[in-house]
Amino acid sequence: MAPSAASPQTMTAKSEGTAPLPLISLEPLLDPTTPQAHQASHALLSAFRTSGFLYLTNYSSLIPRSDIDKVFHASAHFFDRPQPQKDSVALPSPTQNRGYQRPGREKVSLAATAADVARDRQQTGDDMKETYEIGSPAARPGNPQPWPDALDGDGVAFRTTMQDFFLKCQELHLVLMRGIAVGMGLDVHFFDRLLDVGDNNLRLLHYPSVAAGGFEGGKRMRAGAHSDYGTLTFLFQDERGGLQVENVDGGGWMDVEPRPDTIVVNAGD
């Protein structure tokens, strides 16, 4: 999630153009028994095998646009809170991916060791973003979710909004994984048993404003180059854009332009 995505002027890599991502409709995948579903499943799998990213459209039967707008509004309101209120729902520990992280707490990187991450911090500084992480209590009962519902009525509404959205994204995840299974020639329910606990993560992202010229020379980053863990990532962009993907054909970075009424989906590790 990105309630305030970085603008093109704050990107840290030179753009080589716009990424030509496939456009896939969710509608045919809702009933996996039809010929249209089989065709869409193969298109879905082809997109992940080639570019790794796609634009998903016609998903409103599972996630209405009004729900996405509601989440963006609640997210923006949360990040507008005073710092002490946000810190009151901070991650309990680095190993419990639940709660708020202030700017500088995280450094996204492709580095494999703590020493390499430390070197990246020296070269490009801390990531200029703050996040709020939401997980499933059923998946990891030992990792409690710090909610802002004790702060005020808006905090209560925030919790309700995010829990509802979390469940709808889980449903979308299941539909797409079933489509992948069909595209691979597997039983449509092949992945169901691996997804039944719902160990997913809903991440709200906010990129605070930075003075003009603050990203020149690549000395600061919103988020560094990385790949995503897990199966699939759903990226809900606003109109400001800023997302880039690496060109698989020859290196370089390409812009993923925001397209109305689409979700950017990418394959994880």
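Reader: What makes strand E10, residues 263-267, count as mostly covered?

Author: In this predicted model, four of the five residues of strand E10 are buried, and since buried means under 20% relative accessible area, the description of the strand as mostly covered follows from that count.

Reader: How do you know that strand E3 pairs with E10?

Author: Pairing requires at least two bridges found by DSSP between the strands, and four bridges join strand E3 (residues 53-57) to E10, so the requirement is met. The two strands run antiparallel, and Phe53 stands opposite Asn266 in E10.

Reader: What makes strand E7 a partner of E10?

Author: Four bridges join strand E7 (residues 232-235) to E10, again in an antiparallel arrangement, and because at least two are needed, this pair qualifies as well. Here Thr233 stands opposite Asn266, the residue that Phe53 also faces.

Reader: Why is the contact between Lys168 and Asp67 called a salt bridge?

Author: The N to O distance between their side chains is 2.3 Å, and the rule asks for a nitrogen of Lys or Arg within 4 Å of a carboxyl oxygen of Asp or Glu, so the contact between Lys168 and Asp67 counts as a salt bridge. The pair links distant parts of the chain, with Lys168 in helix H5 (residues 153-183) and Asp67 in helix H2 (residues 65-79), 101 residues apart.

Reader: Why is Asp67 called buried, and why is Lys168 called partly exposed?

Author: Asp67 has a relative accessibility of 15%, and because buried means under 20%, Asp67 falls in that class. Lys168 has 21%, and since partly exposed lies between the 20% and 50% limits, Lys168 is placed there.

Reader: How do you know that Asp152 and Arg81 form a salt bridge?

Author: Their closest N and O atoms are 2.8 Å apart, and the limit is 4 Å, so the pair satisfies the rule. Asp152 lies in the loop between strand E5 (130-135) and H5, whereas Arg81 lies in the loop between H2 and helix H3 (83-87), 71 residues apart. Arg81, at 9% relative accessibility, counts as buried, while Asp152, at 30%, counts as partly exposed.

Reader: Why are Asp149 and Arg159 both called partly exposed?

Author: Asp149 has a relative accessible area of 26% and Arg159 has 29%, and because the class runs between 20% and 50%, each of these residues is partly exposed. Their side chains meet in a salt bridge at 2.8 Å, N to O.

Terms used: Residues are numbered from 1 along each chain as its sequence is written. This is a predicted model: local features need pLDDT of at least 70, side-chain atom pairs count only at pLDDT 80 or more; totals for chains, interfaces and linings use all residues. Side-chain values use heavy atoms; hydrogens and water are left out. Buried means under 20% relative accessible area, exposed over 50%, partly exposed in between (1.4 Å probe, protein chains only).
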